[in-house]
Every structure is written in C-alpha cells, then in structure tokens.
Amino acid sequence: MTQAKAGDTVQIHYTGTLQDGVTFDSSAGRDPLEFVIGSGQIIPGLDAAIPGMTVGEKKTVQVPCEEAYGAHNPEAQQAVPRDNIPADIPLDPGTQLQMQTPQGQVVPVTVAEVTETEVILDANHPLAGKDLTFAVEVVAIKAA
C-alpha cells in the first residue's frame with residue numbers, strides 16, 4: 001500500500017478541536033482538504049503528521065500552538081482612536097474586521113476591546129496561542 005511522502009498530493013478529511021473539545025473546523029459535509037505534503041499549504045504540525053500514512057488510515061494528531069498558528073503576539077494588537085472608525089462599523093468584541101496596510105495589504109483583525117476613546121484591534125490569528133487536536137483520515141494519495 002502506498003505511503004504518503006513529502007511532495008505527494010494528498011486529500012484528507014479532518015476535524016479540528018480545541019483543548020476543551022470544541023470543534024473549530026471540519027471537512028465533514030465538504031470535499032476533503034487537498035494539499036502537497038511539505039509545501040507549507042497547511043500548518044506545520046499537521047503537515048508533519050501525514051507522511052507514512054496510507055489511504056483509509058486514521059489517526060489523532062496533537063499540534064502545539066508553536067506548530068500551528070504560533071503564540072499570541074501582544075505586539076499584533078493596535079489601539080485605534082474610536083473617531084477614526086466609521087459609525088456604521090460594528091465594534092462588539094469578537095467582531096471580525098479587515099484593515100488595509102499602507103502598502104495596500106488586507107489584514108483580518110478582531111475587535112478585542114472597546115473604550116469610550118479607542119478600539120483595540122487584534123491581528124493575531126484567532127487560533128494563535130492554542131494547542132490543537134486533529135482527527136484525520138487520508139482519503140487519497142497522488143504520488144509526486
């Protein structure tokens with residue numbers, strides 16, 4: 001039976017959960033996730049777990065935050081004067097917004113905190129600082 005290796009294109013079904021068991025993402029009801037092993041298309045900890053697996057094989061993978069979306073970086077938070085944000089933009093904590101850098105790059109941010117004078121926006125990935133668990137099943141392997 002063919003084992004997945006670096007450079008192969010694989011398809012997997014997965015369910016990702018947090019330490020408390022809450023599911024944050026799943027391919028259930030969707031097409032499997034397809035990626036090239038070792039290409040950097042998915043988080044490193046999950047990518048490293050696939051080589052050696054065969055079609056139909058299932059396993060559970062523990063991925064520490066350093067091998068997922070990294071540690072939460074306090075420097076990725078920015079205070080913006082509330083006056084600089086249009087009144088029609090919702091500012092409830094947890095709301096996802098997009099900012100644009102001076103170079104024109106779009107950056108997703110989350111409203112972390114709101115005071116009378118400023119809004120704290122967080123550019124960390126929502127899963128930064130979190131250890132993740134993935135239940136995976138390899139459904140196809142296309143050799144490189």
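In this predicted model, Ile 50 lies in the loop that runs between α1 (44-47) and β4. Is Ile 50 buried or exposed? Its relative accessible area is 0%, and because buried means under 20%, Ile 50 counts as buried. Once neighbours within four places in sequence are set aside, the contacts of Ile 50 are Ala 4, Val 10, Ile 12, Phe 35, Ile 37 and Val 136. A separation of 87 residues in sequence lies between Ile 50 and Glu 137, yet their C-alpha atoms are 9.4 Å apart in space.

Ile 50 also belongs to the largest nonpolar core, which has 22 residues. Together with Ile 12, Leu 132, Phe 134 and Val 136, Ile 50 is among the residues with the most contacts inside this core. Which elements give two or more residues to the core? They are β1 (9-17), β4 (58-63) and β9 (132-142). Strand β9 supplies the largest share, five residues.

Val 136 shows how one core residue reaches several parts of the chain. Not counting residues up to four places away in sequence, Val 136 touches Ile 12, His 13 and Tyr 14, as well as Leu 46, Ile 50, Met 53, Glu 57, Lys 58, Lys 59 and Val 61. A second core, separate from the one described above, has eight residues, including Val 80, Leu 97, Val 109 and Val 119.

Strand β1 leads to the next feature. It pairs with strand β2 (residues 23-26) in the antiparallel sense, over three bridges. The two strands form a hairpin with five residues between them, and Gly 21 in the turn has a positive phi of about 90°. Within this arrangement, Thr 17 stands opposite Thr 23 of β2.

Strand β2 is also involved in the aromatic contacts. How many aromatic pairs does a search of the whole structure find? The search yields two. A pair of aromatic rings is described by the distance of the centres and the angle of the planes. For Phe 24 and Phe 134, these are 5.7 Å centre to centre and 85° between the planes, an edge-to-face pair. This pair links distant parts of the chain, with Phe 24 in strand β2 and Phe 134 in strand β9, 110 residues apart.

The two rings differ in exposure. Phe 24 has a relative accessible area of 26% and is therefore partly exposed, whereas Phe 134, at 5%, is buried. With Tyr 14, Phe 24 and Phe 134 make up one aromatic cluster. Phe 134 thus appears both in this cluster and among the residues with the most contacts inside the largest nonpolar core.

Methods
Residues numbered from 1 in each chain as written. Predicted model: local features only at pLDDT ≥ 70, side-chain atom pairs only at ≥ 80, totals over all residues. Heavy atoms only, no water. Core = buried A, V, L, I, M, F, W, Y, C linked by side-chain atoms within 4.5 Å. Buried < 20%, exposed > 50% of the residue type's maximum accessible area, 1.4 Å probe, protein only. Helix = DSSP H or I, 4+ residues; strand = E, 2+ residues; numbered from the N terminus. Contact = heavy atoms within 4.5 Å. Pairing = 2+ DSSP bridges. Phe/Tyr/Trp six-rings, centres within 6.5 Å; stacked < 30°, edge-to-face > 60°.
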